[in-house]
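These are my notes from one session with a single chain. I wanted to know what I could look up in it and write down in order.

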Amino acid sequence: EVLDCNRIRIVLQPNEAINLFFQTKVPDVDGVGLKPRELSFNYREAYKTSALPEAYERLLLDAMTGDASLFIRSDEIERAWEIMDPIIAAAQKMGPTEYAIGSQGPNTAEKLMTDDGRAWQAIG
């Protein structure tokens, strides 16, 4: 029996959702078996009757009314750039990898996974 790995999928746009895929123990007279299950939350399905704000609608409203609770402090911004600057510099040295329009992406992305004995998960 091949087991699925536990994984989490976070969908950012346009249909925000979180899915957790994990193995569950199924009690049985002959022992315990494993069965894959999914735990899901989808904003559009959960709040069908509510008007969901667009991506920046809430943020812009808070900025206009002076509510800074969704914004980060300046010291947090500085620290974030300290972390990201070396990563950005390294990425700029490598340059972009071209790939065919409509394809699954560059071959280097596939190689990244296969070199480690893994594979990308198809989202459907």
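I started with P36, which lies in strand 3; strands (E, at least two residues) and helices (H or I, at least four residues) are DSSP runs, numbered from the N terminus. The model is a predicted one, where local features need pLDDT of at least 70, side-chain atom pairs count only at pLDDT 80 or more, and totals for chains, interfaces and linings use all residues. Residues are numbered from 1 along each chain as its sequence is written, and side-chain values use heavy atoms, with hydrogens and water left out.

I looked up the cover of P36 and found a relative accessible area of 43%, so P36 is partly exposed. On this scale buried is under 20% relative accessible area, exposed is over 50% and partly exposed is in between (1.4 Å probe, protein chains only). I then listed what P36 touches beyond four places in sequence: D4, F22 and Q23, where contact means heavy atoms within 4.5 Å. Q23 is 13 residues from P36 along the chain, and their C-alpha atoms are 4.4 Å apart.

Entry on the sheet. I asked in what order the three strands of the open sheet stand. The order is 1-2-3, and the pairing is antiparallel; two strands pair if DSSP finds at least two bridges between them. Strand 1 (7-11) and strand 3 (31-42) are at the edges with a single partner strand each, so one side of each has no neighbour in the sheet. I noted an average twist of 25 degrees from one strand to the next; axes are lines fitted to C-alpha atoms (for helices over the stretch in contact), and angles run from 0 to 180 degrees between N-to-C directions.

Next I went through the pairs. How many bridges join strand 2 (residues 17-28) to strand 3? I found 12, with the two strands running antiparallel. Between strand 1 and strand 2, also antiparallel, I found five bridges. The connection from strand 1 to strand 2 is a hairpin of five residues, and the hairpin from strand 2 to strand 3 has two residues.

I followed L20 across the sheet. L20 faces L39 in strand 3, and I8 stands opposite L20 in strand 2. For N19, the bridge partner in strand 3 is S40. As a reminder to myself, side chains in a regular strand alternate between the two faces of the sheet.

Entry on the surface. I looked for nonpolar patches and noted one made of I8, I10, L12, I18, L20, L39, F41, Y43 and Y47, with about 880 Å² of accessible area together. Strand 1, strand 2 and strand 3 are the elements that give two or more residues to this patch. Patches are made of residues with over 30% relative accessible area and no salt bridge, like charges being joined within 9 Å and nonpolar side chains (Val, Leu, Ile, Met, Phe, Trp, Tyr) within 5 Å. The areas come from the Shrake-Rupley method with a 1.4 Å probe, and for residues only the protein chains shown count as cover. I checked L39, in strand 3: its relative accessibility is 53%, so L39 counts as exposed.

Entry on charges. Side chains of opposite charge can pair when their charged atoms come close. I counted five salt bridges in the structure, each a side-chain nitrogen of Lys or Arg within 4 Å of a carboxyl oxygen of Asp or Glu.

I took R58 and D62, whose closest N and O atoms are 3.2 Å apart. Both lie in helix 2 (residues 57-65), four residues apart, about one turn of the helix. Is each partner buried or exposed? R58 is partly exposed at 46%, whereas D62 is buried at 5% relative accessibility.

I then took D115 and K111, joined at 2.6 Å from N to O. D115 is exposed at 55%, and K111 is partly exposed at 48%. Another salt bridge links R118 and D116 at 2.9 Å; R118 is partly exposed, at 47%.

Last entry. I looked up L52, in the loop between helix 1 (43-46) and helix 2. L52 is partly exposed at 30%. Beyond four places in sequence, L52 is in contact with Y43, R44 and Y47. The C-alpha atoms of L52 and R37 are 28 Å apart, with their positions 15 residues apart along the chain.
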